[in-house]
Amino acid sequence: MAKIQAIRGMNDILPEQTPVWQFVESTVRQVLRSYGYQEIRMPVVEQTDLFKRSIGEVTDIVEKEMYTFEDRNGDSLTLRPEGTAGCVRAAEEHGLLFNQTRRLWYMGPMFRHERPQKGRYRQFHQIGVECFGMEGPDIDAELLILTARLWQALGLVEHTRLEINTIGTSESRKRYRDALVTYLSDFREKLDSDSQRRLETNPLRILDSKSPETQAILEGAPTLDDYLDDESRAHFSKLRALLDAAGVTYTVNSRLVRGLDYYGKTVFEWVTESLGAQGTVCAGGRYDGLVEQLGGKPTVAVGFAMGLERLILLLETLGLVPDSVNGDADVYVTAMGDKAVAAAQALGERVRTGIPGSVVVTHCGGGSFKSQMKRADRSGASVALLLGDNEIEAGTVGVKPLRADDPQQDVAQSNLLEVLKELLDR
Ligand code: HAM
């Protein structure tokens, strides 16, 4: 029978890869914790309408990328394509937003039926941050300062670049949209086919077009800047001053509009040149109208999400995964003979208790001394402990360094922890 395989664009993350994931996840978690952000966990499935009403009916995500299905009750449900909508829903549903400010984060899989390629998958993982109840731009700046600190912690500072823009209020965008459509209509035939379609549905997304011909036409197009309202303009210039004061470097990209409808005012993307086409590792912006749009009291908000696959790919591509990030054991306990097998588990426990944080693998499943040593070697351990009938009799343990030329020694049980600590510290 043919073997069943994983779904295209949905990846297994194998034991060799999980240490890098854990490294990235724990680094992000630590940074977020240090700014007082709290974790929230939402379901992976929500009502389809939640995404339609927040991300927008005429966005790529809602039009063609959602995994939508009818459940057994006949309700239309969707695997979340992103986390903001669910986070707003959850925060509102549980009264987290009433008369208070919130700094939340979440982590988990998201689902989009995109064409898979390097850095773009159908199941991918985001760590997202959402802040509620703060007008900004101080909180906008905080988010960017926080991400800059994160790149520092991951060793990515020199490989990421920040682009920011303001897309104004929905009224200013509407006035600009009209002007853009008027201008582009004269060039309709020369636009790429996606842009021709977007001219009717979502003209601002044409600014994102990858087609050189379309980009050439856009050279002469009106810019959003001319249509911005005063408040958005002031918000943006204050944000820039805050970033300058904090030493966060950025470029203003007036073409940056983002592909989800809920944004207004500040938008930003952290991009890298090292990943090819899928170079955006982190993106977000303000969405002051979304909570109200989903039925809550008016509550301002700002947030971002980063793609974990892309960050990990970047670390790996650049060879920046620290050597200490691996799934290796520290100590491997071998055991020959029934008495030794019984004693080996107790010995493993002693080492785990005596050297907190140490990774101790106790051999299980029998086998010759030679095969046990092979396993010890494969575990990555730097020391093997050898237990046999002789050692049990004598109250000793054989201590064999596996990665250094040091000789094997017989150590009294009572001295073992001290000797081991010294060996592991090297
Ligand atoms: P987004 O730009 O759609 O924004 O996604 C954020 C990040 O998720 C992207 O920059 C990228 O790193 C990663 N990503 C997106 N799609 C894929 C994919 N198919 N494969 C791999 N990685 C991907 C949002 O999702 C917003 N909810 C961000 C936000 C939060 N805005 C405000 N709060």
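Two strands count as paired if DSSP finds at least two bridges between them. Helices (H or I, at least four residues) and strands (E, at least two) are DSSP runs, numbered from the N terminus.

A word on the model before we start: it is predicted, so local features need pLDDT of at least 70 and side-chain atom pairs count only at pLDDT 80 or more, while totals for chains, interfaces and linings use all residues. Residues are numbered from 1 along each chain as its sequence is written, and side-chain values use heavy atoms, with hydrogens and water left out.

**Exercise 1. Find the domains and say how far apart their C-alpha centres lie.**

Step 1: look up the bounds, which come from an automatic or database domain assignment. Domain 1 covers 17–169 + 229–318, and domain 2 covers 331–425.
Step 2: take the C-alpha centres of domain 1 and domain 2; they lie 47 Å apart.

**Exercise 2. Work out the strand order of the open sheet of 5 strands, and look at how strand 12 pairs with strand 14.**

Step 1: going across the sheet, you read 13-12-14-15-16, and the pairing is mixed.
Step 2: check the edges. Strand 13 (360–362) and strand 16 (409–412) each have a single partner strand, so one side of each has no neighbour in the sheet.
Step 3: get the twist, which averages 25° from one strand to the next.
Step 4: zoom in on strand 12 (residues 331–335) and strand 14 (residues 383–387), which run parallel and share 5 bridges. Within this pair, V333 has L385 of strand 14 as its bridge partner.

**Exercise 3. Which helices pack on this sheet, and how do they run?**

Step 1: settle the terms. Contact means heavy atoms within 4.5 Å. Axes are lines fitted to C-alpha atoms, for helices over the stretch in contact, and angles run from 0 to 180 degrees between N-to-C directions.
Step 2: helix 12 lies across strand 12, strand 13, strand 14 and strand 15 (396–401), and runs at about 170° to strand 13.
Step 3: helix 13 (residues 369–378) touches strand 12, strand 14 and strand 15, with its direction at about 170° to that of strand 12.

**Exercise 4. Describe how helix 12 packs against helix 15.**

Step 1: helix 12 (residues 338–354) meets helix 15 (residues 416–425) at an angle of about 60°, and their axes are 11 Å apart.
Step 2: name the arrangement. Angles under 35 degrees count as roughly parallel, over 145 as roughly antiparallel, 65 to 115 as roughly perpendicular and the rest as oblique. Helix 12 and helix 15 are therefore oblique.
Step 3: list the contact residues. Helix 12 brings L347, R350, V351 and G354, and helix 15 brings L416, L417, L420 and K421.

**Exercise 5. Sort out the open sheet of 3 strands.**

Step 1: the order is 2-4-3, with antiparallel pairing.
Step 2: strand 2 (45–47) and strand 3 (67–70) are the edge strands, each pairing on one side only.
Step 3: strand 2 shares 3 bridges with strand 4 (residues 76–79), and Q47 sits opposite L77 in strand 4.
Step 4: helix 2 (residues 48–55) packs on this sheet, touching strand 2, strand 3 and strand 4, and its direction makes about 75° with that of strand 2.

**Exercise 6. Track down the backbone oddities at P137 and R258.**

Step 1: recall the background. Most residues other than glycine have a negative phi, and most peptide bonds are trans.
Step 2: G136 and P137 are joined by a cis peptide bond, with omega about 5°. P137 is in the loop between strand 6 (123–132) and helix 5 (138–154).
Step 3: R258 is not a glycine, yet its phi is positive, about 75°. Look for R258 in the loop between strand 8 (251–252) and strand 9 (266–271).
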